[in-house]
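Please open the model in a viewer and keep the selection tool at hand. The tour proceeds one selection at a time and states what is found at each stop.

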Amino acid sequence: MNRDTLIKIITFFSYVLFQVLLFNKMVLWGKGFAFIYVGYLLTFPIELGVIPAMLIGFATGISVDIFSNTLGVHASASVLLMYVRPYLLNLLTPHGGYPLGLSPRPSTLGFSWFSTYAIILIFIHHFVLFFVEAGGFHLFFFTIQKVVLSTLFTFSVVILIQYLFARKIDTR
Amino acid sequence: MRSFFLFLYKYRAFLVFILLEFFALFLVVQNSNYNRATFFNSSNTVVGSILEVSSNVRDFINLASTNKQLSEENARLREKLNVLNDELKKPGDVDTLSRFSFINAHIVNNSIFLLNNAITINAGKENGVMPEMGVIGGGGIVGKVKRVGKKYSTVVSFLDVDVKVSAQVRGKINLCTVQWDGKSHQFAKVLYVPRHYNLAIGDTVVTSGYNAIYPEGITIGTISKINLPQDATFYDAEVKLINDFTSLSEVEVIVNKDLPQLDSLTLTEKNE
């Protein structure tokens with residue numbers, strides 16, 4: 001097992017634990033959630049195959065689900081996120097393509113690139129998450145408020161984590 | 001045949017995606033069904049004990065407010081005790097008092113901002129908790145036990161949009177329904193109150209006792225908002241819940257000793 005895999009495994013546990021023990025309790029105005037584990041899924045290397053990516057997404061989502069008694073809700077949203085991710089990465093390819101072995105982070109591809117990438121994927125993830133949780137499109141406006149507010153909250157925390165911690169661990 | 005396998009290989013990513021999504025959604029549907037038991041939820045011992053460590057830290061910080069809550073509840077109960085003592089002197093049905101016993105439990109995990117909220121408590125099979133038992137605390141109703149593990153159980157919170165509680169308005173209406181609308185953890189809707197009743201702000205809403213889960217007279221809250229449109233058959237009313245679900249920490253699980261008998265009665269009724 002190489003160093004990168006080990007770091008990914010350790011960050012997995014820290015993200016999930018911080019999510020269920022701390023961020024699940026921090027809710028803004030009853031509507032804004034911070035699902036910081038999405039930040040973990042966003043920063044996987046660009047070359048990662050879509051099938052392993054979806055399996056990782058499923059494992060992360062189901063771990064959060066078990067602790068919050070919402071079995072399947074986070075898992076379905078995370079699998080979709082990981083499925084859509086390569087398509088979005090394709091769309092957002094910068095001039096000259098991506099360098100080999102790169103992880104999408106603000107430190108590697110710049111703040112504005114990362115923001116576009118992160119906000120789109122977080123929005124998709126949260127949209128699916130809250131509508132699956134609501135079990136349909138009744139309560140539409142209430143749920144869409146939750147989606148938008150939570151997207152902003154999650155995004156801010158993800159960016160913050162990137163600038164505070166990730167830079168020191170790996171800068172590639 | 002070969003082209004079929006080529007097809008599978010070509011679309012393998014999409015097929016895995018569909019497979020995983022179906023599995024996840026299957027779990028969602030299965031989890032929202034009350035009667036199924038699944039292994040992976042917070043009544044699992046490992047998950048429960050991790051959550052308990054974190055709840056111990058939070059409880060330490062909240063000690064002051066918990067103390068205040070408990071002493072307030074004590075005062076209310078003492079008041080009630082006086083009333084009950086007087087009633088006991090009259091001949092009446094003492095049976096109802098001895099029908100229920102209580103199991104103390106501590107809240108380990110609690111959500112309030114989802115649409116189907118759940119509570120994890122640190123009492124399980126070992127303590128005599130069984131599925132379908134009612135849970136009260138903080139002077140009002142809390143929820144209903146859903147799944148029971150060895151040491152922990154999960155409770156369907158009253159704050160669940162699929163839960164309806166049979167209720168009455170003290171001194172006025174014998175039967176109505178209270179249901180949470182998923183918006184604020186402080187308020188719920190009072191349904192099916194016909195317009196000829198004289199509902200007023202400040203009226204107390206309590207459980208009706210027309211089910212085997214909650215005893216009669218457990219407080220739900222007080223009426224906080226009334227709206228009666230010209231052409232409506234029923235009131236559009238809101239109740240402010242007595243329980244503050246954000247700071248709830250000690251609860252009691254209600255053991256109804258007549259439950260097996262009641263259940264078999266309803267079963268035979270259904271069969272007939």
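Select helix 3 of chain A and look along its length. At 1.5 Å a residue, its 19 residues should span 27 Å, and the end C-alpha atoms are indeed 27 Å apart, so the two values agree. The expected span is 1.5 Å times one less than the number of residues. Helices (DSSP runs of H or I, at least four residues) and strands (DSSP runs of E, at least two residues) are numbered from the N terminus. The helix is followed by Asn69(A), whose phi is positive, near 55°.

Before moving on, please note how the model is to be read. It is a predicted model, in which local features need pLDDT of at least 70 and side-chain atom pairs count only at pLDDT 80 or more, while totals for chains, interfaces and linings use all residues. Residues are numbered from 1 along each chain as its sequence is written, and chains are lettered from A and ligands numbered from 1 in the order in which they are written.

**The side of chain A that touches chain B**

Now show both chains together. In this model, 25 residues of chain A are in contact with 27 residues of chain B; contact means that the C-beta atoms of two residues, placed from the backbone, lie within 7 Å. Which helices of chain A each supply at least two residues of this side? They are helix 3 (50-68), helix 4 (73-91) and helix 6 (111-134). Helix 3 of chain A gives the most, with seven residues. By class, this side of chain A has 18 nonpolar, six polar and one charged residues. Here Ala, Val, Leu, Ile, Met, Phe, Trp, Tyr, Cys and Pro count as nonpolar, Asp, Glu, Lys and Arg as charged, and the others, Gly among them, as polar.

**Leu109(A)**

Next, select Leu109(A), which is found in helix 5 (residues 106-109) of chain A. Leu109(A) counts as partly exposed because it has 19 C-beta neighbours inside 10 Å. A residue is buried if 20 or more other C-beta atoms lie within 10 Å of its own, exposed if 12 or fewer, and partly exposed in between, with C-beta atoms placed from the backbone. Leaving aside neighbours within four places in sequence, Leu109(A) is in contact with Pro104(A) and Phe114(A). Add Tyr98(A) to the selection: Leu109(A) and Tyr98(A) are eleven residues apart in sequence, and their C-alpha atoms are 9.1 Å apart.

**A barrel in chain B**

Turn to chain B, which has five helices and twelve strands. Of its 272 residues, 34% count as buried. Select strands 1, 2, 5, 4, 3 and 12 of chain B: in the order 1-2-5-4-3-12, these six strands form a closed barrel with antiparallel pairing. Two strands pair if DSSP finds at least two bridges between them. Strands of a sheet pair through backbone hydrogen bonds, either parallel or antiparallel.

Within this barrel, select strand 2 (residues 116-121) of chain B. Six of its six residues are buried, so the strand is largely enclosed by the rest of the structure. On one side lie Asn116(B), Ala118(B) and Thr120(B), on the other Asn117(B), Ile119(B) and Ile121(B), and all are buried. A hairpin through five residues joins strand 1 of chain B to strand 2 of chain B. Three bridges link strand 1 (residues 100-110) to strand 2 in the antiparallel sense, and the bridge partner of Asn110(B) in strand 2 is Ile119(B). Strand 2 also pairs with strand 5 of chain B, antiparallel, over five bridges; there Asn116(B) stands opposite Asp160(B). Five bridges join strand 5 (residues 153-160) to strand 4 (residues 140-148), again antiparallel, with Thr154(B) as the bridge partner of Arg147(B).

**A further barrel and the core**

Select strands 6, 7, 8, 11, 10 and 9 of chain B, which close into a barrel in the order 6-7-8-11-10-9 with antiparallel pairing. Four bridges join strand 8 to strand 11 (residues 236-241), and Val190(B) has Ala237(B) as its bridge partner in strand 11.

Finally, select Val239(B). Which residues touch the most other members of the largest nonpolar core? Among its 96 residues, they are Tyr37(A), Val79(A), Ile121(B), Val205(B), Ile220(B) and Val239(B). A nonpolar core is a set of buried Ala, Val, Leu, Ile, Met, Phe, Trp, Tyr and Cys residues joined through C-beta atoms within 7 Å. The residues that Val239(B) touches include Val205(B) and Ile220(B).
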